[in-house]
Amino acid sequence: MIDQRTAPYAALFLRVTLGCLAIAHLYWKFFIRADGAGLGSWWDNLNNNGYPDFVVWYVLSAEFAGALLLIPGIYTRWVALYSIPLMLAAAEFWLGRTGFFFTSAGAELPLLWATALLVQAGVGDGAYALKASPPFPFIGRGRAAHA
């Protein structure tokens with residue numbers, strides 16, 4: 001059974017955590033990268049691995065959407081869904097290069113991110129969201145499922 005008193009706050013906690021981690025990752029990408037070259041080096045690395053510029057733009061847009069829109073709760077469900085392909089692609093990228101486990105920079109962490117984003121999309125905006133997400137089409141038109 002879902003506790004209706006605490007569920008909105010759990011969704012809020014997940015939303016703020018995901019947003020803060022997205023900010024931390026962007027900060028790393030722009031300012032801390034080990035090679036010292038920042039975003040340009042990251043962009044070139046993706047291009048050199050066969051990803052076209054539109055994919056790199058999508059990655060940045062999904063990361064910025066997560067960083068800027070999740071914390072205040074602006075269209076949370078849709079932002080989470082928009083970011084899931086990014087995490088699945090990151091998992092695929094690292095799985096083929098270093099394997100599954102995070103200890104070798106593998107796919108484990110991006111898969112956890114994708115799962116957390118999917119949970120966020122499922123549970124909704126949570127407490128104190130500034131702009132509620134529009135409902136999913138074709139879901140909830142009939143009888144609601146009970147947990």
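Is Y27 buried, exposed or partly exposed? Select Y27: its relative accessibility is 47%, so Y27 counts as partly exposed (buried means under 20% relative accessible area, exposed over 50%, partly exposed in between, with a 1.4 Å probe and protein chains only).

Before moving on, note that this is a predicted model, in which local features need pLDDT of at least 70, side-chain atom pairs count only at pLDDT 80 or more, and totals for chains, interfaces and linings use all residues. Residues are numbered from 1 along each chain as its sequence is written, and side-chain values use heavy atoms, with hydrogens and water left out.

**Ring pairs**

Next, add F31, which is exposed with a relative accessible area of 63%. Y27 and F31 are four residues apart in helix α1 and are thus separated by about one helical turn (helices are DSSP runs of H or I with at least four residues, numbered from the N terminus). Their ring centres lie 5.1 Å apart and their planes stand at 45°, so the pair is tilted (rings of Phe, Tyr and Trp, the last by its six-membered ring, pair if their centres lie within 6.5 Å; planes under 30 degrees apart count as stacked, over 60 as edge-to-face and the rest as tilted). Extend the selection to F30 and F64, since ring pairs link Y27, F30, F31 and F64 into a cluster. By this rule the count comes to nine aromatic pairs.

Another of these joins Y9 and Y128, whose ring centres are 6.2 Å apart with planes at 55°, so this pair is tilted. It connects distant parts of the chain: Y9 belongs to helix α1 and Y128 to the segment after α5 (108–123), 119 residues away. Y9 is partly exposed at 45% relative accessible area, whereas Y128 is exposed at 63%.

**A buried lysine**

Now select K29 in helix α1 (residues 7–32). K29 is buried, with a relative accessible area of 1%. Leaving aside residues up to four places away in sequence, K29 touches G38, L39, W42, V59, L60 and E63 (contact means heavy atoms within 4.5 Å).

**Helices α2 and α3**

Finally, display α2 (residues 39–48) with α3 (residues 53–69): they pack at an angle of about 130°, their axes 9 Å apart. That angle makes α2 oblique to α3 (under 35 degrees is roughly parallel, over 145 roughly antiparallel, 65 to 115 roughly perpendicular and the rest oblique). On the α2 side, the contact is made by L39, W42, W43, L46 and N47; α3 supplies D53, V56, W57, V59 and L60.

Terms used
Axes are lines fitted to C-alpha atoms, for helices over the stretch in contact, and angles run from 0 to 180 degrees between N-to-C directions. Helices (H or I, at least four residues) and strands (E, at least two) are DSSP runs, numbered from the N terminus.
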